[in-house]
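Me: I'm new to this one and would like a close look at a single part. Could you take me through the core, and then the loops around it?

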Amino acid sequence: MVKSLDIFLQEINEGDWAVISSATDYPENWVIPDHSHEKHQLLYAIEGVMVVYSALNQWTVPPNRGIWMPSGQVHSLRCVGTLKMRSVFVRPDRFPNMPSEPKTVSISPLLSELIKASVSLKPPYAEDSRDARIMHLILDELAILPALPLSLPQPADPRVNRICQALQQDPGDASTVADWSERLGLDQKTIQRLFRKETGMTFGQWRQQARLLLALERIAVGRRSSTWPWNWATKAPAPLPACSENSLARRRAISSARQRSVVSGLARAGEAALNPAYAVFLKERGDLI
């Protein structure tokens, strides 16, 4: 049974410890409403995907990744499928050099095992004990967490926000800047300028990022790429036309070869370097090892 958020926050905020870990498993589609806490938190999904929201950003966190949430930052969370979450809470006054901004992060195999081992440990940790060494190692790893490009800035301007909401509700929407210019009565240059100002991205970059992050969600719940338009996320060729049952094996072989060729070509062109979120998508999809 999931503990009440109010009770959980009270325990975290009033805890007189420097660092502690916890484990909570959430059912499919569970939502944790807006809240904040007085401790820093690392949220780590050992299974499932979580989407974390703040006022002006959202982050998609696939399995074996995490998100660093500084103290005082208001956020909410949505579980994509069932979620096994492991958290580390850190007192800011005891460790002032921890990251000050939210970010999605890569979890090293070492940190993963340390966190899993730490959830059963309870403070106070005896000096120079195994428990204390585990927690000290976790703190060392938290200080050097490598960031991942899995965020999607949310614009405050209502005009651009309307576009972003529409694209997230219908990721296959192929409307151009010219189309939105006509609908909103805004100059195309104004739309592009607002996108850069509000999100740090162009209209096209923001839409691609939104599609890639949604693709990660769909992969997490086991939806085969053949059941959703993966070419809207990767610009791959559209699926081959339907074939007779006798030629199904040949069709699959051709389709597989075509997709491998596309992935290889994009990699050679440096697509993953230009958009690191694309590399994460490919890895989750199974095209990159």
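Reply: Here is a walk through the core, followed by a few loop residues.

Keep in mind that this is a predicted model. Start with the largest nonpolar core, which has 26 residues. The ones with the most contacts inside it are Leu 42, Val 88, Leu 111, Ile 138 and Leu 142. Several elements give two or more residues to this core: helices H1 (5-14), H2 and H3, plus strands E1 (19-26), E3 (40-54) and E6 (75-90). H3 provides the largest share, six residues.

Now zoom in on Leu 142. Setting aside its neighbours within four places in sequence, Leu 142 is in contact with Leu 42, Trp 68, Val 88, Val 90, Met 98, Pro 99 and Leu 111. There's also a second, separate core, with 18 residues, including Leu 167, Ile 191, Phe 195 and Leu 216.

On to the loops. Between helix H2 (109-118) and helix H3 (130-142) you'll find Pro 124, and the peptide bond leading to Pro 124 from Pro 123 is cis, with omega near 5 degrees. Asp 128 sits in the loop between H2 and H3 too. Asp 128 isn't a glycine, yet its phi is positive, about 65 degrees. Its relative accessibility is 58%, so Asp 128 counts as exposed.

Asn 64 lies elsewhere, in the loop between strand E4 (57-61) and strand E5 (65-69). Asn 64 is another residue other than glycine with a positive phi, near 65 degrees. Asn 64 counts as partly exposed because its relative accessibility is 42%.

Conventions
Residues numbered from 1 in each chain as written. Predicted model: local features only at pLDDT ≥ 70, side-chain atom pairs only at ≥ 80, totals over all residues. Heavy atoms only, no water. Helix = DSSP H or I, 4+ residues; strand = E, 2+ residues; numbered from the N terminus. Buried < 20%, exposed > 50% of the residue type's maximum accessible area, 1.4 Å probe, protein only. Core = buried A, V, L, I, M, F, W, Y, C linked by side-chain atoms within 4.5 Å. Contact = heavy atoms within 4.5 Å.
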